[in-house]
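Colleague: I am new to this structure and should like to go through its ligand site and its internal spaces. May I put some questions to you?

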Amino acid sequence: MRVTLIEAGDLSKTKAWRLPPDAYSNRVSSITNASQEFLRGIGAWSYVDETRTGPVEEMQVWDGVSDARITFSASDMTSNGRPLGELSRLTENLNLQRALLRYLESSPGVELVDKVKVESITNDDREGNSWPVVHLSDGRVIRARLLVGADGFNSPVRTYAGIQSYGWAYDTHGVVATLVHAPRSPYGPQNTVAYQRFLPTGPIAFLPLSDTASTMVWSTKPHIASALKSVDPAVLVGMVNAAFRLPEVSMRYLHERLLEAHASGTSITLQQLQDEVRFREMSHSIDSNSALSSLSALGEPGIPPEGAESYPPLVKSIQPGTVASFPLRFSHADTYIGEGQGSRTVLIGDAAHTTHPLAGQGLNLGLADAEALAHCIHDSLSRGGDIGSYTSLMSYSRARYFENHKMLAAVDKLHKLYSTTADPVVWARSVGLEVLNELDTLKAAFMVSAGSHQVKSTPGQLGVGIAAQGLEALARGINDAKNAGELVSGVLQSGLRQLFRSSPR
Ligand SMILES: Cc1cc2nc3c(=O)[nH]c(=O)nc-3n(C[C@H](O)[C@H](O)[C@H](O)COP(=O)(O)OP(=O)(O)OC[C@H]3O[C@@H](n4cnc5c(N)ncnc54)[C@H](O)[C@@H]3O)c2cc1C
């Protein structure tokens, strides 16, 4: 097969990408075990510079309002009878892209065309149906037996194929940055724990890259994101440390101070922020030497305070030039395969679906799409079929559409569940999280969704060794948690019921 890959960007920059060992790009993805296995299987992962990646051995996720917490650990999982070393691996997108380009260089039959845009796509009747004809900005014209739209959220291929996509903007932006901190104390956990705190404005995630660097994704309202991006980096450091520690009511107050200053064209100073945080910590009776204080001496060596393992290390600074933000949205194409005038087209990755990054799944779903499509094309070729025909592509759609939908819907529900401060919902949510923490089956399902294979089988555990039903079980789990909450209380306010009943919108 002849494959042509068309990319508007400059791939030579990606191929030559290099950063000093202690500097990290701000676009980082959590690559699940399943995605790594796929990339290893095709021989691409060996090109990834693993020294720049950070394993996640444990995840701690908690509710910023009720403080209910759930912990997932790789040590609870086995794969083929062996303990799993990690839940996923934080990898800079450029590290992975560079690896894939190097891998493609060694693959015969693939032509890379970069710095060239697809300007338009027309169709041509041939062999009794419509073939896509791609017009490039360098004047070339390519007629394709199969046109794969891996062209992102604004997919020109999707538009050409006339495929509708439903979805909505989350009214949320993801602020990213590379965080610099002291190494963790040898007496506590190492920097292999991912932390995520759900604030009503959105979750903030701390994701480990090395002993002294981690990446952040802080999903928040667009006006807060804009204010956070405009402050002095030292103030942003203070806000990040507080966002993982201060009670939610005080975090809300800090946001208000930040926004007031932003609206008046000024910015809150580091001194003002520290005074506020000090006052707030005192009023919440937070000891300045405790793990909950964001003002305790940064990265002091020695025995960490009690409970330090429940919070990420205190951030000291932000790597210059790494603060950026991205609008977040939910979208899912009505179908992945073009028909009629749009025949011989198929969508994968963000062209087919986009999701909130709170579960770190967007790229992983795209990789799973690529794997399934490759299988589908292989099967079609081995049967002497036409790789661009609707019937050949059906198995790809069957393998991926509902799998993706389950994940997209579950992540969407989690986002909605945690973006409210309404008392009955917060109460039920804390019951839900605690119930989830107790139920091994559900916990296992969540972890399986992280790409792990099997949960350690010990007698008495519920649902040991469950297969990879991951997010379907999570979605059911939330429902079960809701039912458990109902049993415990006997009364659930209508707000929560509505939330669980509502469609993904
Ligand atoms: C803040 C944030 C954090 C995230 N964290 C994670 C995570 O931890 N784990 C995870 O799995 N996912 C994560 N994601 C999601 C992930 O980044 C995306 O799902 C993924 O990058 C989508 O890849 P894609 O190749 O499908 O699309 P894109 O990355 O959008 O690539 C599309 C490509 O098509 C090219 N293109 C488009 N139009 C044309 C044209 N006309 N001509 C030529 N070329 C064209 C573009 O140049 C681009 O290179 C995160 C997203 C955000 C915003």
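Colleague: To which residue does a nitrogen atom of the ligand come within 3.2 Å of a polar backbone atom?
Modeller: Please bear in mind that this is a predicted model. The contact joins a ligand nitrogen to a polar atom of the protein backbone, at 3.2 Å. The residue that provides this backbone atom is A8.

Colleague: How much of the ligand's accessible area does the protein cover?
Modeller: On its own, the ligand has 1000 Å² of accessible area. Of this area, the share covered by the protein is 74%.

Colleague: Which residue has a polar side-chain atom 2.7 Å from an oxygen atom of the ligand?
Modeller: Two contacts to ligand oxygen may be set side by side. At S30, a polar backbone atom is 2.9 Å from an oxygen atom of the ligand. The contact at 2.7 Å is made through a side chain, and that side chain belongs to D350.

Colleague: Which elements give two or more residues to the shell around the ligand?
Modeller: One of them is a strand, residues 28-32, and the other is a helix, residues 362-382. These elements are β2 and α9.

Colleague: How many residues surround the ligand?
Modeller: The closest are E7, S30, V118, D350 and L363. By class, the shell has eleven nonpolar, eight polar and five charged residues. The number of residues around the ligand is 24.

Colleague: Why is the ligand said to lie between two domains, and which are they?
Modeller: Residues of the shell come from both domains, so the ligand lies between them. The two are domain 1 (117-164 + 334-415) and domain 2 (171-326).

Colleague: Which helix gives the most to the lining of the second largest cavity?
Modeller: The model has two cavities of 30 Å³ or more, and the second largest holds about 30 Å³ of space. At least two lining residues come from each of α5 (222-230) and α7 (248-263). The greatest contribution is three residues, and it comes from α7.

Colleague: How many charged residues does the lining of the second largest cavity have?
Modeller: The lining consists of A227, S230, V231, L258, A261, H262, T266, S267 and I268. By class, five are nonpolar and four are polar. The number of charged residues is none.

Technical notes. Residues are numbered from 1 along each chain as its sequence is written. This is a predicted model: local features need pLDDT of at least 70, side-chain atom pairs count only at pLDDT 80 or more; totals for chains, interfaces and linings use all residues. Side-chain values use heavy atoms; hydrogens and water are left out. On a 1 Å grid over the protein atoms alone, a cavity is a set of points where a 1.4 Å probe fits but cannot get out, and a pocket is an open set with protein on both sides within 12 Å along at least five of seven lines; lining residues have an atom within 4 Å of a point. Grid points are joined across faces, edges and corners, and a volume is the space filled by probe spheres set on the points. Helices (H or I, at least four residues) and strands (E, at least two) are DSSP runs, numbered from the N terminus. Ala, Val, Leu, Ile, Met, Phe, Trp, Tyr, Cys and Pro count as nonpolar, Asp, Glu, Lys and Arg as charged, and the others, Gly among them, as polar. A residue is near a molecule or strand if one of its heavy atoms lies within 4 Å of it. A polar contact is a pair of N or O atoms within 3.5 Å; within protein, one must be able to donate a hydrogen and the other to accept it, and residues adjacent in sequence count only if both atoms are side-chain atoms. Accessible areas come from the Shrake-Rupley method with a 1.4 Å probe; for residues, only the protein chains shown count as cover. Domain bounds come from an automatic or database domain assignment.
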